[in-house]
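Trainee: Could we go through this model together? I would like to know what stands behind the terms people use for it.

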There are 2 protein chains.
Amino acid sequence: MISERKKKILAAVVDEYIRTAEPVGSKAIAQSGALHCSSATIRNELAELVAMGYLEQPHTSAGRVPTPMGYRMYVNELMEKQKLSLEEAEDMNRRLEAKLRELDATISDVSRLASQMTDYPALALTSRAAATVKRFDLIYVDANTFIIVLMLSGSTVKSKLVHLPVSVDQSLMQRLSSLFNASFTNIAEDQITPLLIRSTERAADDTMGVTSVISAFVIETLTEANTPSAFISGENRLLSQPEFRDPDKAHKLMSYLSGGGYILPSPEGMGDPSEVRVLIGPENVAEELKDSSVIIASYDAGDNTRGLIGVVGPTRMDYSAVAAKLQFLAAGLSRRLGGGEVPPEGMHNKLIIKGDDPNERG
Amino acid sequence: MISERKKKILAAVVDEYIRTAEPVGSKAIAQSGALHCSSATIRNELAELVAMGYLEQPHTSAGRVPTPMGYRMYVNELMEKQKLSLEEAEDMNRRLEAKLRELDATISDVSRLASQMTDYPALALTSRAAATVKRFDLIYVDANTFIIVLMLSGSTVKSKLVHLPVSVDQSLMQRLSSLFNASFTNIAEDQITPLLIRSTERAADDTMGVTSVISAFVIETLTEANTPSAFISGENRLLSQPEFRDPDKAHKLMSYLSGGGYILPSPEGMGDPSEVRVLIGPENVAEELKDSSVIIASYDAGDNTRGLIGVVGPTRMDYSAVAAKLQFLAAGLSRRLGGGEVPPEGMHNKLIIKGDDPNERG
DNA sequence: TGTTGGCACTCTCAACTTTCGAGTGCTAAT
DNA sequence: ATTAGCACTCGAAAGTTGAGAGTGCCAACA
C-alpha cells in the first residue's frame with residue numbers, strides 16, 4: 001500500500017513536472033508547501049517511490065520524473081478533477097454554437113474544435129450505426145438524366161445526378177421508384193443481394209440496366225454511411241511540446257497520426273457518455289504511441305451514432321485540464337446533436353475517468 | 001550578360017545543392033564532369049557569380065549556395081525539364097483512376113495525392129464559377145417534413161431534409177415547387193433578394209414561412225458552392241527536410257499552412273492550364289513563406305471550375321521533378337474531370353514554367 | 001522509529017578551447 | 001585565359017573544465 005504522504009508527494013511531482021517539463025527535485029517539493037517536512041525526508045520518500053515504480057530518475061543526480069505507472073496513479077486517484085472556469089465554459093459554448101449553427105457538425109469541425117480548445121492534436125471519429133434507407137425517390141430530369149434521392153435513417157439525405165447513355169421514359173422511372181421504395185427500404189446493407197437486384201430489374205421490366213446503377217448507388221451510400229470516418233487536426237501543435245523538439249520523433253508520430261488514426265477504440269467500446277478515458281504511454285497498443293498519451297471522450301451524435309473525440313500529447317500532459325475540456329465538449333455535442341437526455345450544464349464536476357481495466361494492460 | 005560557362009556552373013551548383021543540402025565547393029563542381037577546367041578556374045567564376053548575385057557564401061570558407069535570384073535563373077533557363085519515367089507516370093495514373101472512380105475527386109483527395117507524389121506538403125484549392133440553381137424539387141415526406149433537392153449548374157445535386165414545427169399540405173408544396181422553379185433558377189446568388197422572397201411567399205399563399213426556410217437553404221447552398229475551398233495535407237513531410245530541423249521554424253510554417261493557405265493565387269489568375277508556376281522564396285507575398293518556395297499548377301475541374309494544386313517546400317526544392325509531377329497530375333485531373341480538350345498523354349515535355357512576371361516582384 | 005541537517009559525491013549542462021579540414025583567394029608560372 | 005600551389009580563414013566536432021543541482025547516507029535528535 002502507498003502511504004498518504006507518498007501520494008501527496010507523487011501528486012506534487014506530477015503537477016510540477018507537467019508544469020515545467022523538468023525533472024523535479026526534493027527541494028522544489030519541500031518549498032511548494034502542502035508538505036510539512038524537510039527535503040531530506042522527501043528524499044527518502046522519493047527513493048521509495050522510485051523503488052515502487054512510480055517515479056524514475058533520468059540519471060543519478062537529477063530530479064524525479066513520473067513513470068507511466070506514476071501517471072496512472074495520478075490520473076486515477078490523485079489529480080484534482082478540474083472544473084472549467086466560467087470564461088472557458090462560455091467560450092467553448094460560443095464556439096460550439098457557431099460551428100453547429102451553420103451546418104451539421106462534421107467530424108472535421110469537431111476535431112478542429114477539440115484541438116483548438118486543448119492546444120494538442122485532436123482527432124474525431126464517428127461510427128454510424130447500421131444505416132438503412134427510409135425513403136426512396138427518383139426525379140426525372142430529361143430522357144438521359146435523373147436524380148436519385150435517398151433518405152437515410154437519421155435524417156440524412158443523399159442525392160446523386162445520373163446521366164445515362166440510353167434514354168428512359170418516365171414510366172420506367174415511376175415503376176423503379178415504387179419498387180425500390182417497397183423492397184430496398186429498411187433493410188441492412190448486406191441484405192441487398194444480387195438476387196434482390198435481379199428480381200427488381202425483372203419486375204420493373206428494365207432492359208437497360210438502370211436498376212443496377214441505382215442499386216450501386218444505394219449500396220455505396222449505405223457503405224459510406226456505415227464506414228466510420230476519422231479526422232485529425234492540429235498535428236502541428238505537437239511541435240510546441242518540448243518532448244517533440246527532436247524532429248525525427250515528431251515526424252514519426254505525426255505521420256502515424258495523419259496516416260489515419262487507429263488510435264481510438266471504437267465508439268461502441270466506450271461506456272457512459274460522460275466518461276473520459278485516459279491511455280498513458282505504453283498502455284497504448286500502437287507502437288508509435290508508446291510514449292504519448294491519449295485522452296478520449298465520446299458523444300452521442302443522434303440516430304444511434306456515437307462519436308469520439310480524442311487528444312494526443314506527450315505523457316507529460318495536462319490530464320486534468322484536457323479531460324475536463326473534452327468532457328465538456330462531448331457533453332455539449334451530445335446535448336446539441338443527440339437524443340437530449342444529457343444533463344444540461346454544470347455537470348462537469350462528476351467527471352469519471354477510466355482507462356486501466358485489465359483488458360487494456362499487456 | 002552571363003556567359004555560357006557561368007550558366008553551366010550555376011546549374012551544377014544548384015543541382016548539387018538540391019541533392020545534398022550542403023554548400024557546394026569548387027572541387028565538387030570540377031569533379032562532377034560537364035566542365036573541362038580546374039577547380040581554380042571555377043573558383044574565379046564562382047566569385048563572379050557571387051558578385052552578380054546568383055550565389056552566396058554562408059561564410060568565407062564555405063562552398064556556395066544559390067540565392068533566390070540564382071534559383072530563378074535556374075528555373076527559367078537552366079534546369080532540364082524533367083520528364084516522368086514511365087513507371088512514375090503509370091503509377092500516377094493508377095492512383096488517379098482509383099481516386100476518381102469511387103467518388104468525385106474532392107479537393108482533399110487531390111491535395112493528398114499531390115503530397116504523396118511529391119513528398120512535400122501540398123494544398124489544393126477550387127473556385128467554383130458562379131453557380132446557379134438549374135432545377136428545383138420538393139419531396140413531400142409527411143405533414144411536417146419535406147426534402148429540398150437542388151440541382152446546380154455543373155451536375156451537382158444538393159439536398160436537405162427539413163422538419164417543420166407546423167404542418168403543411170401537399171398543395172402548398174406543389175405551389176412552392178413550381179414557383180421556385182420559375183423564379184429561382186438560373187439566377188446568381190445576389191439576385192435572390194428579400195423582395196423576391198417576399199413576392200414568392202405571397203404568390204404561394206404561404207402563411208407559415210416555409211418559403212423563407214427554402215430560400216435560406218438556396219442561398220446557403222449557392223454561397224457554399226461559390227466559396228473557394230482549400231485543403232492542405234502532408235504538412236508533416238516538411239519535417240523530413242533538413243531546413244526544417246529547427247522545430248520553431250517548422251512550427252511557424254506549419255501553423256501558417258494549416259491556418260488556411262492564402263498562399264495560392266486565385267485559379268482565375270492562372271493562365272494556360274498546362275502552365276506551371278514557381279514562386280521562389282521572397283517572391284512569395286506571405287511573410288511566412290519568404291524562405292520557402294511554392295510550385296503551382298492549375299487544372300480544369302469541369303463546369304467552368306478551375307482548381308489549383310500547389311506544393312510547398314524549402315527554396316532548395318527539386319523544382320524540376322515537382323513541376324513535372326504537378327503538371328502531369330493537373331493534366332490528368334483536367335482530362336478526367338474537365339471539358340476534355342486536353343491533349344491525351346505524353347504532353348509533359350512541353351512544360352511551361354513561369355513565375356517572374358513583373359507584377360509579382362516587389 | 002521517524003525526521004532532520006550536513007556533507008561528500010555524482011553527473012549533466014553550458015561555456016570555453018583545441019583541432020581538423022574543407023574551401024577560399026591570391027600569386028606566379030604556363 | 002588557365003592552372004598549380006600555398007597560406008589563410010572559419011566553422012564544426014571533439015575535448016576540457018567548472019558550476020550547480022540533486023542525490024544518498026550518516027549521525028544527531030525528538
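Mentor: Happy to! Keep in mind that this is a predicted model. Let's start with B:Ser61, where an N or O atom of the side chain is 3.3 Å from a base oxygen of DNA strand D.

Trainee: What makes that pair with B:Ser61 a polar contact?

Mentor: The cut-off for a pair of N or O atoms is 3.5 Å, and the B:Ser61 pair is at 3.3 Å, so it counts. B:Arg43 has a polar side-chain atom 3.1 Å from a base oxygen of the strand, and A:Arg43 has one 3.2 Å from a base nitrogen.

Trainee: Which elements give two or more residues to the surface near DNA strand D?

Mentor: Helix H3 (39-52) of chain A and helix H3 (39-52) of chain B. H3(B) provides the largest share, four residues. As for the strand's own atoms within 4 Å of the protein, 79% belong to sugar or phosphate and the rest to bases.

Trainee: Why are the buried residues of H3(A) said to line one face?

Mentor: Those residues are A:Ile42, A:Glu45, A:Leu46 and A:Leu49. Seen down the helix axis, they fall within an arc of 105°, so they line one face. In general, an α-helix has 3.6 residues a turn, so residues three or four places apart point the same way.

Trainee: What covers the buried residues of H3(A), and what is on the face turned away?

Mentor: The cover includes helix H1 (4-20), helix H2 (26-31) and strand E1 (55-56) of chain A. The face turned away from the buried side carries A:Asn44 and A:Ala51, which are exposed.

Terms used:
Residues numbered from 1 in each chain as written. Chains lettered and ligands numbered in written order. Predicted model: local features only at pLDDT ≥ 70, side-chain atom pairs only at ≥ 80, totals over all residues. Heavy atoms only, no water. Near = heavy atom within 4 Å. Polar contact = N/O pair within 3.5 Å; in protein donor to acceptor, adjacent residues only side chain to side chain. Buried < 20%, exposed > 50% of the residue type's maximum accessible area, 1.4 Å probe, protein only. Arc of directions from axis to C-beta. Contact = heavy atoms within 4.5 Å.
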